Amino acid sequence: MGLWDVASGRMTAILHGIPADQRLTAMKFSPDGSMLVGGGTGTSWGSVYVWRPGTPNQPPDRFRTPRFVDDLTFTPDGSQLVLSTGWDDGGDFVLWDTATQRIVKTVPADAAGVWAADVSTDARS
């Protein structure tokens, strides 16, 4: 996957690390630009990849979610990543702490699934 500088139109880095049997369904930069996070599907679970654009030759960190990742977003201060996971058989919101790099909470959502994630500007909802 290539990172491009929009102003110059030049590729600035190539990021590696996604297995051929997986696809990304959502990607976001952290508010400070230090992380690029992509979430998607594995064989029977969700996968989240965390790249550090400042060190593009390093493989991404990776963690799994119980269901496929449909969407993701950061809290305004970048302290947490919010993931929406699952469809058809139910879904969850997953909160991932960016400092500890651990899932800190999973919140069951609608039985029909969760397709999108967003956080208010004050991070309260």
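These legends go with a set of close-up views of a predicted model.

**View 1. How confident the prediction is along the chain.**
Let's start with the scores, since this is a predicted model. Averaged over the protein chain, pLDDT comes to 86, and 94% of the residues score at least 70. Among the elements, strand β7 has the highest mean, at 92. The lowest mean belongs to strand β1, residues 2-5, at 86.

**View 2. The largest nonpolar core, with 13 residues.**
Zoom in on Val37, Val48, Leu72, Leu81 and Leu83, the residues with the most contacts inside this core. Two or more core residues come from each of β5 (46-51), β7 (69-74), β8 (80-85) and β9 (92-97). Of these, β7 gives the most, with 3 residues. As a general rule for soluble globular proteins, nonpolar side chains tend to be buried together. There's also a second, separate core of 6 residues. Ala13, Leu15, Leu36 and Trp51 are included in that one.

**View 3. Valine 37 and the residues packed around it.**
Valine 37 sits in strand β4, residues 36-41. Is this residue buried or exposed? It counts as buried, because its relative accessibility is 0%. Setting aside residues up to four places away in sequence, valine 37 touches Ala26, Met27 and Lys28, then Val48, Tyr49 and Val50, and finally Leu72, Phe74 and Leu81. Val48, Leu72 and Leu81 are also listed, along with Val37, among the residues with the most contacts in the largest core. For a distance to check, try valine 37 to tryptophan 51: the C-alpha atoms are 6.3 Å apart, with the two positions 14 residues apart in sequence numbering. Trp51, recall, is one of the residues of the second core.

**View 4. Threonine 73 and its contacts in strand β7 and beyond.**
Threonine 73 lies in strand β7, the element with the highest mean pLDDT. With a relative accessibility of 11%, threonine 73 counts as buried. What does threonine 73 touch once its neighbours within four places in sequence are left aside? The list runs to Lys28, then Gln80, Leu81 and Val82, then Ala117, Asp118 and Val119. Lys28 and Leu81 are among the contacts of valine 37 too.

**View 5. Phenylalanine 63 in strand β6.**
Phenylalanine 63 is another buried side chain to look at, with a relative accessibility of 14%. Away from its sequence neighbours within four places, phenylalanine 63 is in contact with Gly46, Ser47, Val48 and Val50, plus Leu83, Trp96 and Ile103. Val48 and Leu83 are both on the list of best-connected residues in the largest core, meaning those with the most contacts inside it. Valine 82 is a useful reference point: it is 19 residues from phenylalanine 63 along the chain, and their C-alpha atoms are separated by 14 Å.

**View 6. The two salt bridges.**
A search of the whole structure turns up 2 salt bridges. In general, side chains of opposite charge can pair when their charged atoms come close. One bridge joins aspartate 92 and arginine 67, with 2.4 Å from N to O. Aspartate 92 lies in strand β9 and arginine 67 in the loop between β6 (61-65) and β7, so this pair ties together parts that are 25 residues apart in sequence. Aspartate 92 is buried, at 9% relative accessible area, while arginine 67 is partly exposed, at 23%. The other bridge is between arginine 52 and aspartate 61, whose closest N and O atoms are 3.6 Å apart. Arginine 52 is partly exposed at 28% relative accessibility, and aspartate 61 is partly exposed at 36%.

**View 7. A nonpolar patch on the surface.**
Which residues make up this patch? Met1, Ile18 and Met27 do, and together they have about 220 Å² of accessible area. Isoleucine 18 belongs to the loop between β2 (10-14) and β3 (23-29). At 34% relative accessibility, isoleucine 18 counts as partly exposed. Met27 is also one of the residues that valine 37 touches.

**View 8. Glutamine 101 and its positive phi.**
Glutamine 101 has a phi near 55 degrees, a positive value in a residue other than glycine. Most residues other than glycine have a negative phi. Glutamine 101 is in the loop between β9 and β10 (102-108), and counts as partly exposed at 34% relative accessibility.

Note on methods:
Residues numbered from 1 in each chain as written. Predicted model: local features only at pLDDT ≥ 70, side-chain atom pairs only at ≥ 80, totals over all residues. Heavy atoms only, no water. Patch = residues over 30% accessible without salt bridge, like charges linked within 9 Å, V, L, I, M, F, W, Y side chains within 5 Å. Areas by Shrake-Rupley, 256 points an atom, 1.4 Å probe, with all protein chains shown as cover. Salt bridge = Lys/Arg side-chain N within 4 Å of Asp/Glu carboxyl O. Helix = DSSP H or I, 4+ residues; strand = E, 2+ residues; numbered from the N terminus. Buried < 20%, exposed > 50% of the residue type's maximum accessible area, 1.4 Å probe, protein only. Core = buried A, V, L, I, M, F, W, Y, C linked by side-chain atoms within 4.5 Å. Contact = heavy atoms within 4.5 Å. pLDDT = per-residue confidence, 0-100.
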